[in-house]
Amino acid sequence: MRPRMECVVNAVVEKRLGALPVAAEFLRRLDLAGTVDRLCPGRDSAHLTHGQVIETLVTNRLTAPAPPRQVEDWAREWAVEEVFGIEPELLNDDRLGRSLDAVAEHLTELTDSIGAREIGEFGIDVSTCHRDMTSMSLHGAHPADDQDEDYPRIKHGHPKDRRYDLKQIQTGLAVTGDGGIPLLSRVIDGGAAEISQITGAMNALRAMAGPKEFLLIADSKLVSYRNVTALINAGNESKASRIARAKTAPSFEDQFARLPAEYKERALKALQPRKEEGFVSAVVLM
């Protein structure tokens with residue numbers, strides 16, 4: 001008769017798995033950690049690279065968002081160590097802060113690189129993009145002398161939530177018409193005029209889309225002297241269609257009264273009002 005084997009369970013550890021494997025796979029395909037580490041190399045002696053930390057922070061935002069001081073607890077309750085191979089105690093708020101400081105200097109390159117990567121990796125159609133800005137009101141004094149001049153400043157502006165008593169920071173986001181996937185993001189000075197951000201976004205999207213034609217859908221802030229002339233001047237380099245909601249002017253020609261004569265005819269031909277829909281449509285001009 002065979003001896004019976006006895007098994008004694010000393011402890012049972014329960015952790016939440018949730019969407020961790022899905023997030024890990026998508027982040028791997030986007031090469032988020034590798035991109036961060038190429039832009040922000042850390043010390044060789046560090047237990048974690050900046051890329052590993054940022055990858056974990058993104059996963060936290062996707063699963064159970066927590067402030068930095070609670071990310072370590074989240075990692076302990078969830079199967080972060082099993083999925084990402086990172087011990088929870090390494091994700092303390094000091095370590096998270098160092099990684100966030102490191103990527104802050106390269107945020108534009110990082111987000112643009114990830115945007116370009118997602119286009120190729122997932123075959124995203126970027127022929128149509130939707131872009132707009134929003135504001136985030138912030139409590140506190142935020143004196144100008146305490147703010148770093150190398151980064152967007154917290155200032156009074158035109159808040160979307162009408163909290164004129166608070167200062168704000170702004171963000172611009174462009175998403176694809178194919179699935180509404182974020183493609184281009186920018187953090188913008190709280191006092192910056194929305195109309196002044198269009199040409200920069202257009203150039204960034206054009207570089208990201210490559211030789212493809214694309215359609216940018218925006219609101220009335222697209223239509224200004226500076227924006228229209230910049231789009232016309234870029235005409236020999238790329239092709240783009242624009243759609244912008246018409247302003248309140250009764251005649252759209254009034255919008256371009258300040259355009260030089262050599263631009264006016266080309267601009268008015270390209271930007272034809274569709275009054276019945278309240279939109280201004282631009283056929284391929286550039």
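A pocket, as I use the word here, is an open set of grid points with protein on both sides within 12 Å along at least five of seven lines, and its lining residues have an atom within 4 Å of a point. The model I looked at is predicted.

**Entry: largest pocket**

I looked up the lining first. I found 46 residues around the largest pocket. Val58, Leu107, Leu110, Thr111 and Ser185 lie nearest its centre. The space inside comes to about 1700 Å³.

Next I asked which elements give two or more residues to this lining. They are the helices H1 (20-30), H3 (50-63), H4 (68-77), H6 (93-104) and H7 (107-122), together with the strands S2 (167-176) and S3 (182-188). H7 supplies the largest share, eight residues.

I then sorted the lining of the largest pocket by residue class. I got 34 nonpolar residues, seven polar and five charged.

**Entry: strands S2 and S3**

Both strands appear in the lining list above, and I checked how they pair. S2 and S3 run antiparallel, with six bridges. I noted one pair by name: Gly172 is bridged to Arg186 in S3. The two strands make a hairpin, and five residues separate them. In the turn, Gly179 has a positive phi of about 90 degrees.

**Entry: second largest pocket**

I turned to the second largest pocket. Its volume is about 270 Å³. I counted 14 lining residues. Nearest its centre are Arg43, Ala46, His47, Leu48 and Arg95. How does this lining divide by class? I noted five nonpolar residues, five polar and four charged.

Conventions:
Residues are numbered from 1 along each chain as its sequence is written. This is a predicted model: local features need pLDDT of at least 70, side-chain atom pairs count only at pLDDT 80 or more; totals for chains, interfaces and linings use all residues. Side-chain values use heavy atoms; hydrogens and water are left out. On a 1 Å grid over the protein atoms alone, a cavity is a set of points where a 1.4 Å probe fits but cannot get out, and a pocket is an open set with protein on both sides within 12 Å along at least five of seven lines; lining residues have an atom within 4 Å of a point. Grid points are joined across faces, edges and corners, and a volume is the space filled by probe spheres set on the points. Helices (H or I, at least four residues) and strands (E, at least two) are DSSP runs, numbered from the N terminus. Ala, Val, Leu, Ile, Met, Phe, Trp, Tyr, Cys and Pro count as nonpolar, Asp, Glu, Lys and Arg as charged, and the others, Gly among them, as polar. Two strands pair if DSSP finds at least two bridges between them.
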